[in-house]
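Biologist: I would like to go through this model by its helix packing, its sheets and its ring pairs. Please give the reasoning before each value.

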Amino acid sequence: MSALLAQEFSRLDHQVVVVTQTSGEGREEFHFPVVRQPSLGKLFDLIKWCDIFWQNNLSLRTLWPAFVLSKPVVITHQGSYCAKPTGIDLLLRFKRAIVNRATSVAISQFVAGCFPTRSSIIPNPYDARVFAQTSRASARSNELLFVGRVVAEKGLDLLIGSLAQLRSRGLQPRLTIVGSGPELTAMQKLSENLGLRDQVKFAGPKLGAELVEIFRQHKILVVPSRYDEPFGVVALEGIACGCVVVGSSGGGLPEAIGPCGVTFPNGDAERLAGAIEELLRASDNRDRFLAKAPEHLARFHPVSIANQYLELFQSKLQ
């Protein structure tokens with residue numbers, strides 16, 4: 001998200017320097033300076049230079065020099081410190097105290113509601129240059145797609161379990177699983193135990209053009225998260241490539257899905273199976289959802305999101 005927006009800021013003739021704690025090994029080159037793991041002196045120099053210091057998620061390591069130098073600070077909250085602190089947890093309490101005293105941006109209404117302070121709602125963009133539809137939904141040869149980390153909270157077990165329910169209703173859709181993670185072996189065993197070996201394909205991690213092509217081959221993207229997703233850029237990527245989305249109803253995921261899919265209660269495998277069944281049996285419903293995609297996606301185009309940020313930045317300089 002940071003790279004995508006920095007690119008748009010640069011394209012609109014603003015000088016941008018990105019500071020990150022990542023090492024950069026094996027990463028792409030950008031058309032703007034990227035300063036990795038800066039020394040304290042270098043960080044102070046950069047903060048003195050800038051007009052606005054924007055943090056895409058709160059980082060105490062680089063925030064305090066901006067306060068020392070009295071620079072305008074804008075912090076975007078991605079949801080990692082949404083939970084109310086329990087017990088001591090001094091780090092989380094300190095972060096939330098800073099949120100209450102900073103200019104805040106939340107990526108969804110859900111994230112904004114996690115904090116008592118007022119936040120501007122500016123959602124995350126999707127990469128419109130990469131994720132786009134070039135084939136008709138009727139030409140798609142595969143039914144269901146999961147894209148994400150294979151971890152317990154992403155709810156892949158619910159999706160695999162729903163296939164067994166659908167089989168009892170006379171439906172045998174094929175599922176492609178894109179991603180890897182610590183639960184991968186367990187999910188492969190679950191598929192085997194449920195007799196779904198011929199329906200489930202584990203494709204491993206995919207990026208860029210490979211991922212786009214997989215989106216374009218499928219009719220329905222399923223995002224069955226057990227927890228409340230702060231947002232859901234993967235839903236936007238799927239919609240942009242011509243998929244209808246089925247996703248869990250908690251958190252900010254429904255804001256990303258919008259009118260381009262359906263939701264079900266988090267953790268409810270029965271309702272998930274019902275939502276998938278309805279979409280598989282009624283292609284007219286899929287067409288109706290897809291017809292709403294262009295207007296919905298326009299809200300999350302990088303140019304639109306970048307301009308919203310620039311308006312906010314400008315207001316801090318007046």
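Modeller: A definition comes before the helix contacts: two residues are in contact if they have heavy atoms within 4.5 Å. The model is predicted.

Biologist: Which residues of helix 12 meet helix 11?

Modeller: Helix 11 spans residues 269-281 and helix 12 spans residues 283-291. On the helix 11 side the contact uses Glu278, Leu279, Leu280 and Arg281. Taken by class, the contact has 3 nonpolar, 2 polar and 3 charged residues. The helix 12 residues are Ser283, Asn285, Arg286 and Phe289.

Biologist: Are helix 11 and helix 12 roughly parallel or roughly perpendicular to each other?

Modeller: Their axes are 5 Å apart, and the packing angle is about 95°. Angles of 65 to 115 degrees count as roughly perpendicular. Helix 11 and helix 12 are therefore roughly perpendicular.

Biologist: How do helix 6 and helix 7 pack, roughly parallel or roughly perpendicular?

Modeller: Helix 6 (residues 156-168) and helix 7 (residues 184-193) have axes 10 Å apart and an angle of about 10°. Leu156, Asp157 and Ile160 of helix 6 make the contact with Met187, Leu190 and Ser191 of helix 7. By class these are 4 nonpolar, 1 polar and 1 charged residues. Angles under 35 degrees count as roughly parallel, and the two helices are therefore roughly parallel.

Biologist: Which strands stand at the edges of the open sheet of 4 strands?

Modeller: The strand order is 3-4-5-6, with parallel pairing. Neighbouring strands are turned by 25° against each other on average, direction ignored. An edge strand has a single partner, so one side of it is left without a neighbour in the sheet; that applies to strand 3 and strand 6.

Biologist: What is the handedness of the crossover from strand 3 to strand 4?

Modeller: Strand 3 (residues 53-56) and strand 4 (residues 73-77) pair in the parallel sense over 4 bridges. Gln55 has Ile75 as its bridge partner, and Asn56 has Thr76. Between the two strands the chain passes through helix 3 (residues 60-68), and this β-α-β crossover is right-handed.

Biologist: Which residue in the loop between helix 3 and strand 4 has a positive phi?

Modeller: The loop between strand 3 and helix 3 holds Asn57, whose phi is near 90° although the residue is not glycine. In the loop between helix 3 and strand 4, a phi of about 60° is found in another non-glycine residue, Ser70.

Biologist: Which strands of the open sheet of 6 strands does helix 12 touch?

Modeller: The order here is 9-8-7-10-11-12, with parallel pairing, and the twist averages 20° from one strand to the next. Within the sheet, strand 7 (residues 142-147) and strand 10 (residues 218-223) are joined by 3 bridges, with Asn142 opposite His218. The direction of helix 12 makes about 90° with that of strand 11. Helix 12 touches strand 10, strand 11 and strand 12.

Biologist: How many residues apart in sequence are the parts that the pair of Phe9 and Phe313 ties together?

Modeller: The structure holds 10 aromatic pairs. In the pair of Phe9 and Phe313 the ring centres are 5.9 Å apart and the planes 65° apart, which makes the pair edge-to-face, as planes over 60 degrees apart count as such. Phe9 lies in helix 1 (residues 2-11) and Phe313 in helix 14 (residues 302-316), so the parts tied together are 304 residues apart in sequence.

Notes: Residues numbered from 1 in each chain as written. Predicted model: local features only at pLDDT ≥ 70, side-chain atom pairs only at ≥ 80, totals over all residues. Heavy atoms only, no water. Axes fitted to C-alpha atoms, helices over the stretch in contact; angles between N-to-C directions. Parallel < 35°, antiparallel > 145°, perpendicular 65-115°, else oblique. Nonpolar A, V, L, I, M, F, W, Y, C, P; charged D, E, K, R; others polar. Pairing = 2+ DSSP bridges. Right-handed = clockwise from strand over helix to strand, strands pointing away. Phe/Tyr/Trp six-rings, centres within 6.5 Å; stacked < 30°, edge-to-face > 60°.
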